[in-house]
Structure formats: C-alpha cells, structure tokens
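User: Hi! I would like to learn how to read a few features of a structure, one at a time. Could you walk me through this one?

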Amino acid sequence: MSETRSISLLGATGSIGDSTLDLIRNDRANWTVRTLSANCSAEKLAKLAIEFEAEIAVVGDEACLPELKQHLAGTGVEAAGGREALCDAAARSVDITVAAIVGCAGLAPTMRAIEQGNTVALANKEALVSAGEVMTRLVAKHGTTLLPVDSEHNAIFQCLAGNNIDDVRWITLTASGGPFRTKTWEELDAATPSQAVAHPNWDMGAKISVDSATMMNKGLEFIEAFHLFPVELDRLRIIVHPQSVIHSMVEYRDGSTLAQLGPSDMRVPIASTLAYPARMDTSCKPLDLANIGELSFFAPDEERFPATRLARESAHAGGGTPAVLNAANEVAVAAFLAGQIRFTQISALSARTLDNYAPPAPQTLDDVLAVDAEARARAGEMLEIA
Ligand code: NDP
Ligand code: MG
C-alpha cells in the first residue's frame, strides 16, 4: 500500500485485536492508529496504545478508567471510559474501523462508526445478528462500506467479486464442526468449559470458541450471511468441513463453484479488509495442500447440534427474533463458562427463551438494545430455574 491510512480498533485486547495489531505492526509506516478499546484489560490496552501511538484508549467499563489513566499518565495518549465514551471514540473519523468487540456490547459503537461513514471491517457478528436491517439500513443511508472479517463471509465476499448476485444458486458456509464434532450426546452433556474452548483449528476468544463447539457460531454466521449478501434464505447452506481449508463457497447457476482457501489464521481475512481493494503482505504460513492431503465434508447433525436449526428458524422469523437468540446464547455461554449450566443446556436455554419471547421487529438501535436487554433478563430468570 502506498499512502498512510488511519484505523480504529474496537476490541483491541482480544484475539481479533491481537491479529489486527500484528498486521499493523508489520506494516507500521502505513498506519495511523486513532482509537484502541477494551472492556477492562487496562494494562494491556495501555501498553498497546503506547506502542501504536494511539490518539485515545478507551475502556468500556468505566470502573477500569482509573487504572487505564494510571498506566497512561505522561504518555500523551488520551484515556476515556464508559459506554458513551466508547461510542464517541468510535465516531471519530478514520479510514477503517475494525469492529472486534465480542457480543451485542459492540453494537452501539459499531453503529456510531457506520454513521460516521468509516469503512467498517466487521468481526463482531453478534452486532449484525441482533440489529439486522437496523444496521444494514444505516450502512445504506450513510454509504458506508461494510467489509466482512469473519473468515466464511470474507471468503464469500471474495467469491462474489465480479459476479452478479442474481446468478448465485447457493452460498455454502463451511463449518469445522468444532472440538465435539464426533462426540455422542452423552459426551456432549458431560463436556467441560476447558474442552469446549480447545478448538482444533482456530485460536479464538472464549465466547466464540464455545459457539463453535455448540455450532451456534455457524448459526449466527448463517444470519450474518443473510444480512451481508442479498440472497433468499433457502439459498444459504452449511456444510461441515473439519480441515477449515475451504472457508466458504459460492455456486453459480451455470454450475461453477468458487471457493476461497487459506490457512486457519484470521490474519488472512483481516488483511484482506485492511488492504481492500488492494492486497497486503502477511507473515502467515502458506497453505500446504500436499501436507493436508485430504479435504472432507459432512452434512451437519442438527440432533446433536440444534443451534443451526434455531438460528435458521430465527432468521425465517426475522424481526427481533435473531436478537433474542443472540442475547439468550450470550447469557447461556457465560453461564456455561462459569460452571452454572451443562454444555447441552446452552442451546436448550436459547430455545426456551425464543419460545418465551417474541418481540415486535425493532426499528431503531434503542429498540434492538431493549430487545437484547429483555431477552437477557428472561434467559437469566430461566437460568435460575434450571
Ligand atoms: P475476545 O474475547 O478475544 O476479545 C473481545 C474484545 O472485546 C476484547 O478487547 C474485550 O476487552 C472487548 N470487550 C468484551 N466485552 C466488552 C464490553 N462489554 N464492552 C467493550 N468491549 C468489550 O473475542 P474475539 O477477538 O475472539 O472475538 C471478537 C469478535 O470477533 C466476536 O464477535 C467474534 O464472534 C468475532 N470473530 C472472532 C474470530 C476469532 O478468530 N477470534 C473469528 C471470527 C469472528 P477486554 O480484554 O477488556 O475483556
Ligand atoms: Mg467464522
């Protein structure tokens, strides 16, 4: 790349944050870092802000601001804290905002970046799942470019380039199947948090790792794909591909299927958004197909992994339903990680919350946040009964 570009990174202390900053570190002269954010990892955030000479570092949790200020004293980096401060920092104008906060907590700041017209590289799938058309309408209104970071959606985006969406027969999302792909129901029921976060192919944050184990990650991605790529829901399919080499595929009406392949390293899709529409170097290990040897594919098993069915049904129901699903799942995953519920209860809690709460379609960000809050409250109540 030739000219310097400015970047804000929301969720700088997480797994996507690490991968993004690794790319920036190796291409330092070409980037100006404006906002870096975390929730409460104040020390790590301060270190990064100093290293990357950020303009401002923000913690979402205001209680962590004193610690952040202490670490940044005398450095010239501005420190801020709280949800409003996070949104204000996200609204600063930059060439690209990487939205990498986990969960619906990332929605409001991401919406502010969209409103500002910043190109948004979206990792935070829960934000798009919850807000759906409320987000895509804002993107259209402000002429914002939304680039998918999620490896499957990034693959689809690349496979669609230069083609007409009306010629698409199928979009196929690949799923690794997660660490429990071959487990029986009884084994799933006994699965522990440490087993669930040990993903065979990808090194990710705890929440998305559990989502991969339940297959809810693929369910959320199904809804994400529906909002990113304008095809009918019945043209979206999921196939299990344990090697995670093909990141997704698009089949056209003439019978051609385009697939995007790459190593299981998020720096590849992130780099494609950072450099878009150009390309940049990465230090990722090249794909060694001869060493991989074989690629295999299986139909998903929705008996053992009901999450993809719940997500598909939520997508068909539309309106506020995906936000309910997402919120219930966030509550359930947190409860599982805290040892409060069993692995198989994660999807069960989401299903019960969906049965219990059918809100009207949200029209605004506040509506989405209200649905999210109510769904969390109801899922939380059911946890106490469980
Ligand atoms: P991590 O848990 O590793 O990081 C999450 C980041 O969000 C951290 O910076 C964390 O700060 C911050 N954060 C958490 N809660 C809040 C909050 N309430 N308010 C403000 N900031 C908050 O997650 P990942 O990097 O794994 O995932 C980030 C997003 O990217 C998720 O939506 C995930 O689904 C998506 N994604 C991730 C992939 C991956 O490989 N990791 C692949 C594809 C998509 P702190 O450190 O202070 O807690
Ligand atoms: Mg993905």
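Analyst: Happy to. Let us start with polar contacts: a polar contact is a pair of N or O atoms within 3.5 Å. Keep in mind that this is a predicted model.

User: Which backbone atoms lie 2.9 Å from an oxygen atom of ligand 1?

Analyst: There are two cases to look at. A polar backbone atom of Gly-205 is 2.9 Å from an oxygen atom of ligand 1, and a backbone N or O atom of Ser-15 also lies 2.9 Å from a ligand oxygen. For Val-102, a polar backbone atom is 3.5 Å from an oxygen atom of the ligand.

User: And how many residues surround ligand 1?

Analyst: Ligand 1 is surrounded by 24 residues, and the closest are Thr-13, Asn-39, Cys-40, Ser-41 and Glu-126. Hold on to Cys-40, since it leads to the next topic.

User: How do I read cysteines, then? How many disulfides does the structure hold?

Analyst: The general idea is a distance test: a disulfide is a pair of cysteine sulfur atoms within 2.5 Å. The structure holds one disulfide. It joins Cys-40 to Cys-64, with 1.7 Å from S to S. The angle about the S-S bond is -90 degrees, which makes this link left-handed.

User: Which parts does the pair tie together?

Analyst: Cys-40 sits in the loop between β2 and α2, while Cys-64 sits in the loop between β3 and α3, so the bond ties together parts that are 24 residues apart in sequence.

User: Are these two cysteines buried or exposed?

Analyst: Here the cut-off helps: buried means under 20% relative accessible area, exposed over 50%, and partly exposed in between. Cys-64 is at 6%, so it counts as buried. Cys-40 has 32% and is therefore partly exposed.

User: Why is Cys-104 without a bond?

Analyst: Because its sulfur is 12 Å from the closest cysteine sulfur, in Cys-87, which is too far for a bond. Cys-104 is buried, with a relative accessible area of 4%. Cys-159 is in no disulfide either; the nearest cysteine sulfur, that of Cys-284, is 18 Å away. Cys-159 has a relative accessible area of 4%, so it is buried.

User: Let us move to sheets. What is the strand order in the open sheet of four strands?

Analyst: To read a sheet, take the order, then the edges, then the pairing directions. The order is β9-β8-β10-β11, and the pairing is mixed. The edge strands are β9 (236-240) and β11 (257-261), each pairing on one side only. From one strand to the next, the twist averages 20 degrees.

User: Where does the mixed pairing show up?

Analyst: Compare two pairs of strands. β8 and β9 run parallel and are joined by five bridges, with Val-240 in β9 as the bridge partner of Ala-175. β10 (residues 246-252) and β11 run antiparallel, also with five bridges, and Ser-248 stands opposite Gln-260 in β11.

User: Which helix packs on the sheet, touching β8, β10 and β11?

Analyst: That is helix α8 (residues 151-160), whose direction makes about 35 degrees with that of β10. Helix α12 (residues 216-228) lies across β8 and β9, running at about 150 degrees to β8.

User: Which residues make up the two faces of β9?

Analyst: The covered face of β9 has Leu-236, Ile-238 and Val-240, and the uncovered one has Arg-237 and Ile-239. Notice that Val-240, on the covered face, is the bridge partner of Ala-175.

How values were computed:
Residues numbered from 1 in each chain as written. Chains lettered and ligands numbered in written order. Predicted model: local features only at pLDDT ≥ 70, side-chain atom pairs only at ≥ 80, totals over all residues. Heavy atoms only, no water. Pairing = 2+ DSSP bridges. Axes fitted to C-alpha atoms, helices over the stretch in contact; angles between N-to-C directions. Contact = heavy atoms within 4.5 Å. Buried < 20%, exposed > 50% of the residue type's maximum accessible area, 1.4 Å probe, protein only. Near = heavy atom within 4 Å. Polar contact = N/O pair within 3.5 Å; in protein donor to acceptor, adjacent residues only side chain to side chain.
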